[in-house]
Structures are given as C-alpha cells and as structure tokens.
Amino acid sequence: MSSNFYGALFRQSVVRWQVAAGLLAQMTQGAATVAIILIVREHTGSLALAGAVVSALWIAAGVARPLQGRLVDRQGATSVMAICGVAHPAALASIVGLSRVQGLGWLLVVLGVLAGLALPPVSTSMRIEWAEIVSEDERPAAYSLVYLTQELAILTGPLLLAAVIAASSASIALITIAALSAGGTLAFAASIRTSRDRRPPPANAGDSPLRAPGMQALLAVALLLGGVIGALQVAAATLAAAQRAPAAAGLLIATLSIGGVIGAAIYGTRRWRATPRRRLLLLLALLTAPLALMTTTLSLVVIGVLVLFAGLPLNPALSTFSLLVDQHASGSTTGEAFGWLSTAIAAGTGGGSAIAAVIAQHQHDPRAAFIAAVLAGAAATALTFSMRHTLDQRSARPPDSETRRR
C-alpha cells in the first residue's frame, strides 16, 4: 500500500528549510576532493601531497562523526552545526590560500584534518530532528529523504564546481562551494528548534551506543555494505580503464547514484509491514544479485544497466540502517549512534576500495574487483540473516525520547 509520506514531510516548513539548507551544506562532500587535488597539485606540483590532504580530510571526518554525535546528544545540534559552519569552510579556504606558499605541505595536511573534523554532521542532525516530528510509519520516508538530500548534494556539488572552474579557476570554485556550505550549515543551525535542541544528557556520562544489544552487529553489516560501495568504485574505474574509456568510470558511478535516488524515492512512498531487519535482508540480497551478474561480462553497457539495478536497493538499505539505529540505540545516544553508523560505512568504503584494488591488480582482470563487491554483499546478507534474533530486538527508550506527534 502506498501513502503520501513525502507530502506530509514537505508540508512542514522546517523540513523544507532543512532540505534546502542541507543540500547546500553538503556540497563539499562531492566537490572538495576533486578541487583540493586540482589546487594542491597545480600550486605545489605534488600529487602525493594532494592525496595526503584529501586522505587526512576523510580520515578525520570518519573519526569525528561519533564525537560530533556525542556533542549533539549533550549540547544540542545548534552549536555543533554553527561551529562546523564556520570552521569547515575556513579550513578549505585556508588550503586554497596556503597552497601557493612553498614548503607548507605539512600545514596543508593539518588543514585537511581540521576540515574533516569540522565536516558538518548534516545527516545526523536531520535524522534526529525529523525523528521527533514524524510518526514511526513516516520514518522510512524521512530517512530516505535524508539520503536523497545527501545524494543530490554529492551530484550537484561537482557539477557546480566544474562550471565555476570553466568560468574562472579551481581555487575560486572551491571557495564558492565552501561559501555555499557555510551559508547552508548556518541556515540549518538557525532552523533547529531550541525546545528540541535541549536534549537531556544520558544518565551515565560513560554510556555508549556501542554497548546496546545489536549495535555492534549492525555496524559490522554497515562496514560490509561500505565495502560493496568501495569495491564498486574501484571496479568501475578499472573496467573503464581496461576498455580504454576512462570517462565511463564517472558515468558508472553517476548511474549508481541515480539508481540510489530512484530507489530511495520509491522506498519512502511505501507503508512496510516487514520489520526493518527483514527489509534490510531483502535489500542486501537484491543488491548482491546484480553484483554477481557483473562478474560475467566486460560490456560497459551491460555493466551500466546492472549498476543501475544495484543502486535501486542501495539507498533504501542505508535508510533501513537508520531505522535499526532507532531501534537499538537509546534516545539519549542516537546522535553518537548515527555517527558510528557513518564511520562504519566510510571505513568499509575505504577498506573495500583498497582490497578491490589489490585484487584487481594481482589478477590483471577488472572483474576481480566486482568479485570483491559480491563477496562483501554476500557477507553482509549472511550476517544480517545470522543476527536475526539480535537485530529484531528493540531497545527500551526512555519516555523523554518518544516520538512526538505533530
């Protein structure tokens, strides 16, 4: 049965505002990597240094997510978002300025770390905010909208970056994207309702969502799903290179994102009877099936179609992870729990990329990277099935964190 859950969400002015602000705030997630590589390499002549700055940014971002989530749980999202809205763009602008000064490579890496630590926790804040204003039936749509917003930002950011580079330079382009991110993040911070922002701290300051039953299993599955994403990215690049069509790599990744957008849009319009764990099991199986078919061909067209089909269950699976975090983390630690979820997916993506690259290079066959993606997907599916008793348990939430109806 379908229901107009998205319509109910967009009838709320705070959701409309936060979607628009969140879209701007997250543009650097898709554009910063390319811009930093172009700028640092142009001004220092070192691709290795450019890679080090980018790596520092994303490693720091992965480490920071649980810490940011804990701060959100204790101090509220307004102050955290406001600080990140200034610090993250300032670090990116500083990279632009100092890349012109010779001998400061170490400082560029430090600035990359700062930019990563201050990457605005937009998705975490959206999940927490919207979970308090929607019913449980509407949460799949709300969490799907979180990923839709992020996916659109990741798609839009590089397009805007390319347009500004064509008109001016990479340095101006990154400063433009950073300024939009600052405006979006600060606008998001201003939209957070102060009554919801004053969240009671956990009864025990040492409480951690990692101790909640089912959370460690859930994060293990998220790590494997991240491995699928990372292996697919490497597989797309190696296949395109093997076919002497390097531009096809970007098209394949864009096709995966398009599939994810379509899948998330459909997922949020349905009223689901199955538990989130069972939905996740089905979605992971649907993701693994086209991955397995990718190992049988080297045709870019066929792979492109299969990548689109793989993308359809991908974002719904990510949205379902958020629903499971709702079930297993206590209400006073959901920010940190969502932070750990982001870290697990990011770590899996990095690990999957590294493993797939090693396997593909060793086998001298781009299909080897697709095999790595299949193995990660199959392992995630099997682990979800084996943890059915643990993941079907629900955490008892304190009364203050119960969902409030509109």
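This passage looks at one helix, the largest pocket and a single leucine in a predicted model. Residues are numbered from 1 along each chain as its sequence is written. Local features need pLDDT of at least 70, side-chain atom pairs count only at pLDDT 80 or more, and totals for chains, interfaces and linings use all residues, while side-chain values use heavy atoms, without hydrogens or water.

Take helix α6 to begin with (helices are DSSP runs of H or I, at least four residues, numbered from the N terminus). Its buried residues (under 20% relative accessible area with a 1.4 Å probe, protein chains only) are Leu-108, Leu-111, Gly-112, Ala-115 and Gly-116. They sit on the same side of α6, because they cover an arc of only 140° around the axis, taken from the directions from the helix axis to the C-beta atoms. The buried residues of α6 pack against α3 (27-44), α4 (47-75) and α5 (77-98), where contact means heavy atoms within 4.5 Å.

What about the largest pocket? A pocket here is an open set of points on a 1 Å grid over the protein atoms alone, where a 1.4 Å probe fits, with protein on both sides within 12 Å along at least five of seven lines; lining residues have an atom within 4 Å of a point. Of the 46 residues lining the largest pocket, Gln-29, Ile-154, Ile-229, Gln-233 and Thr-349 are the closest to its centre.

Then there is Leu-300, found in helix α14. Leu-300 is partly exposed, as its relative accessible area is 25%, between the 20% and 50% limits. Beyond its neighbours within four places in sequence, Leu-300 touches Leu-239, Gln-243, Ala-245, Ala-248 and Leu-252.

Terms used. Helix = DSSP H or I, 4+ residues; strand = E, 2+ residues; numbered from the N terminus.
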